[in-house]
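Here are some notes for a first look at this structure. Please read them with the model open.

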Amino acid sequence: MMGNQVEKEVILVGAGIMSVTLASMLKRLDPSLRIRIIERLDSAGLESSNALNNAGTGHAGLCELNYTSERPDGTVDAAKAIQIFEGFEKSKQFWAHLVREGTLGEPGDFIQKVPHLSFVLGEKNVTSLLARFESMRQHHFFQEMEWTTDWDQAAEWAPLLAQGRDRSQPFALTRVASGTDVNFGALTRSLTKTLTTDEEVEILFSHEVTQLRRAGSDWRVRVRDRQSGKVSQFSAGFVFLGAGGGALPLLQKAGLAEGKGFGGFPVSGKWLICSNPEVVKKHDAKVYGKAAVGAPPMSVPHLDTRYIDGQRSLLFGPFAGFSPKFLKTGHLTDLPASVRLDNLLPMLTVAKDNLPLTIYLIKQVLQSPAARIEALHEFFPEAEASDWKLATAGQRVQIIKKDPKKGGVLQFGTEVVAAADGSMAALLGASPGASTAVSIMLQVLERCFGEEMGSEAWQERLAVMVPSYRRSLAEDAAAYHPIRSATDEVLGLREEAPPLVKAVSQ
């Protein structure tokens, strides 16, 4: 792809975890590239990558019940959980590489070891979780997963779950002690700081893309300074739209043929955050439950230990809501302005076919403070309303796309939309998103830098950056164990590693 002067120019829109990951990878693959990152806010990682806007879980398919599915015969399909686990391992490998380089700082600033638990109540759910446990334990990724239906054991793993509980309730827990919590805001800022030391990288904060236009094989990008109003224009051989929910409107501005037919369904959220230090220090786990009927994946309830800016915190939620904004700092006109002739049918079809989701969101919007505390009581029976405050979480835009049979479908997850000539790529969708950023950016590189990716130089560099690149750790247990062990040692995640962050409340 890289030939003339303009083609050495790369523009990345959005200074979140996706764009800064891609920029970090590109600079190591081709240090001569000139990269310009355009961010509409005044700092990096303030939207979807922000700690309170993002789920924070190092999503590895360990505890999220929506990443596995039950077959009609009662067995469990764990293929998606396996895929997500491997994606997260690739992210960890790249972060470990940057730590070894000395460019990312202390890993404890952005990643901590926090056990991942799945929790269900009721005999039917216990049976389902047991099937999940038995299926996943057969794969080497999940061999350390533990199981219990004993409340005394539950009290050791997650004391708040058992505290004040009616122990006659049938329940089950699975646990993976080596789970993680990731502060993607802190990670994004660290990566951004490293990028700014390169003279060939420019980051324009408080700047907004107003126009994307083809000019032969290149792109002309018009940008407005949100503070001064000054308008500038840049040219690039490659443009990446990594602006979270804002990527869809930008893709529509570009008029990319491959982007036709895509729509977006925005979902907002809220957290309950514990303000009582004594409660916070009793819980050291991410405990995920079962989603309500019709709930989107990011609304799976969890009682969640988080490390935010050096402090240990405890969150519960998220509670879903609806806003027509595509970004937390977006506009109320975002959703209606995104409707086009090419996506009208898919959006109408999705509206018709997803009535349970609509009903669920309406109920969530109307939910009272007492109802939120009642939901918390399922995970922490003795929770006191006075110990918890409500905070707004991030904004997610789920993908709506054409479907030859149904007309349109609502798709959960992420999708890379790329121009046929590799000159532009956009990332649409949400969860598991940030946790699998490296795998997603490898897709972008393969689709947009195909020639370079096939070169010996890039292959050698990728093998250093991501040791399992072009290898399937899911299929090769002998390769998985030493790579995982080396990665976790660098990131301070080994069993013997001391905690790197003090345990205090937010």
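1. A term comes up throughout: a residue is buried when its relative accessible area is under 20%, exposed when over 50%, and partly exposed in between, using a 1.4 Å probe and protein chains only. By that rule Leu 361 is buried, since its relative accessible area is 4%.

2. On the source: this is a predicted model, in which local features need pLDDT of at least 70 and side-chain atom pairs count only at pLDDT 80 or more, while totals for chains, interfaces and linings use all residues. Residues are numbered from 1 along each chain as its sequence is written, and side-chain values use heavy atoms, with hydrogens and water left out.

3. Leu 361 sits in helix H11, residues 355–365. Helices (H or I, at least four residues) and strands (E, at least two) are DSSP runs, numbered from the N terminus. Leaving aside residues up to four places away in sequence, Leu 361 touches Phe 265, Val 267, Ala 320 and Gly 321; contact here means heavy atoms within 4.5 Å. Met 18 is 343 residues from Leu 361 in sequence, and their C-alpha atoms are 28 Å apart.

4. Pro 318 belongs to strand S18, residues 311–321. The peptide bond leading into Pro 318 from Gly 317 is cis, with omega near -5°.

5. Helix H6 covers residues 184–195, 12 in number, and spans 16 Å from first C-alpha to last, close to the 16 Å expected at 1.5 Å a residue. The expected span is 1.5 Å times one less than the number of residues. At the N-terminal end of H6, Asn 183 acts as a cap, with a side-chain oxygen 3.1 Å from the backbone nitrogen of Gly 185.

6. Which elements do the buried residues of H6 pack against? They pack against helices H1 (17–29) and H2 (79–101) and strands S2 (34–38), S9 (180–182) and S10 (201–204). The buried residues of H6 include Phe 184, Leu 187, Leu 191 and Leu 195. In general, an α-helix has 3.6 residues a turn, so residues three or four places apart point the same way.

7. Two residues that are not glycine deserve a look for their backbone angles. Ser 206 has a positive phi of about 55° and lies in the loop between S10 and strand S11 (207–215). Arg 470 has a positive phi of about 65° and lies in the loop between helices H15 (456–465) and H16 (477–490).

8. Are these two residues buried or exposed? Ser 206 is buried, at 8% relative accessibility, whereas Arg 470 is exposed, at 59%.

Methods: A polar contact is a pair of N or O atoms within 3.5 Å; within protein, one must be able to donate a hydrogen and the other to accept it, and residues adjacent in sequence count only if both atoms are side-chain atoms.
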